[in-house]
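Reader: I have a fresh model open on my screen and would like to know what the labels rest on. Could you take me through the reasoning?

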Amino acid sequence: MYRNVSKKIFHIITVIVIIFILLCIAGVFVLKYQVEGEANMPFDIKKISLIQSVEGIEVEEEQKRWGFNVNQNNDIYIYIEKNEHYSKTEIIENIKIENIKINKTNNTGEAKIYKPVKDQKKMFINTVENETQQIIYEGGLQSNIKEQIISNQGGKIAFRYAINNISKFNSEDNQEINHSELLKLTNVKQEDIQTKISFDMTIELKGGRKYQATIDLDIPSESIIEEGVKGIEITDFNNVIFKRIEN
């Protein structure tokens, strides 16, 4: 009888140990997923291009020859491509940019997010009707940024982060004003415009699966005050972790 009891205890302990080991293994996989995310995404971010510029908006009621409200614009283009190591054929249903957070060093100016505009020669215009806090690009046969459509096999999406009315410029000078110099001419400092912007990007596939990652950007470049126009390409996405949020 003692021997039977010992066997039962041994079996119970063995089962508990096995369950504990399985839970530990599952925990390791969960932790690994939280840290590393999806190991084989159907679509990847190829690069992010930042087009940074300065623009002066003419103030009509200004009495001087030249009167401008100065904006600093950051046009963000995200390039999505099919993962060549992903064996299945997937179709993009849509891509969303949401939960946009702006952490600006100083409160100078008005921080705004803009969507592309239709039926205009410009890609972006800093007006109230174009302001947004969420941008959705629907999957289609061909990409069209102005229509907020991305090819269902990859393409590019875009939006603008702008600091409006960061300074004012007035002058009686007859000489034409170079807008790219307006930040320098109005004594704007780097700390007045420096921003850390973060947002969630969600890729939804035709079958219903969704992948989401948070992207952080430090903008603008320190040379924007001197140069007025600056293009930057980002290709290192080791800190961008996509995780499956549905299916």
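Reader: How do you know how the residues of the lining of the largest pocket divide into nonpolar, polar and charged?

Author: Happy to help; please keep in mind that this is a predicted model. Asp, Glu, Lys and Arg count as charged, and Gly is placed among the polar residues. Sorted in this way, the lining of the largest pocket has six nonpolar, seven polar and six charged residues.

Reader: What makes a residue part of that lining?

Author: A lining residue has an atom within 4 Å of a pocket point. For the largest pocket, 19 residues line it, and E55, I57, N71, N126 and T127 lie nearest its centre. At least two lining residues come from each of β1, β2, β4 and β7. The volume of this pocket is about 330 Å³.

Reader: Why are β4 and β10 called edge strands?

Author: Look at the order of the open sheet of five strands, β4-β7-β2-β1-β10, with antiparallel pairing. β4 and β10 each pair on one side only, so they are its edge strands. From one strand to the next, the twist averages 15°.

Reader: How do you know that β4 and β7 pair?

Author: Two strands pair if there are at least two bridges between them. β4 and β7 have five, in the antiparallel sense, so they pair. Y114 stands opposite R160 in β7.

Reader: And what makes β5 and β6 a pair?

Author: Three bridges join them, so the cut-off of at least two is met, and these strands run parallel. G140 stands opposite S151 in β6. β5 is also joined to β3 by four bridges, and those two run antiparallel.

How values were computed:
Residues numbered from 1 in each chain as written. Predicted model: local features only at pLDDT ≥ 70, side-chain atom pairs only at ≥ 80, totals over all residues. Heavy atoms only, no water. 1 Å grid on protein atoms, 1.4 Å probe; cavity = no way out; pocket = protein on both sides within 12 Å on 5 of 7 lines; lining within 4 Å. Points joined across faces, edges and corners; volume = space filled by probe spheres on them. Axes fitted to C-alpha atoms, helices over the stretch in contact; angles between N-to-C directions.
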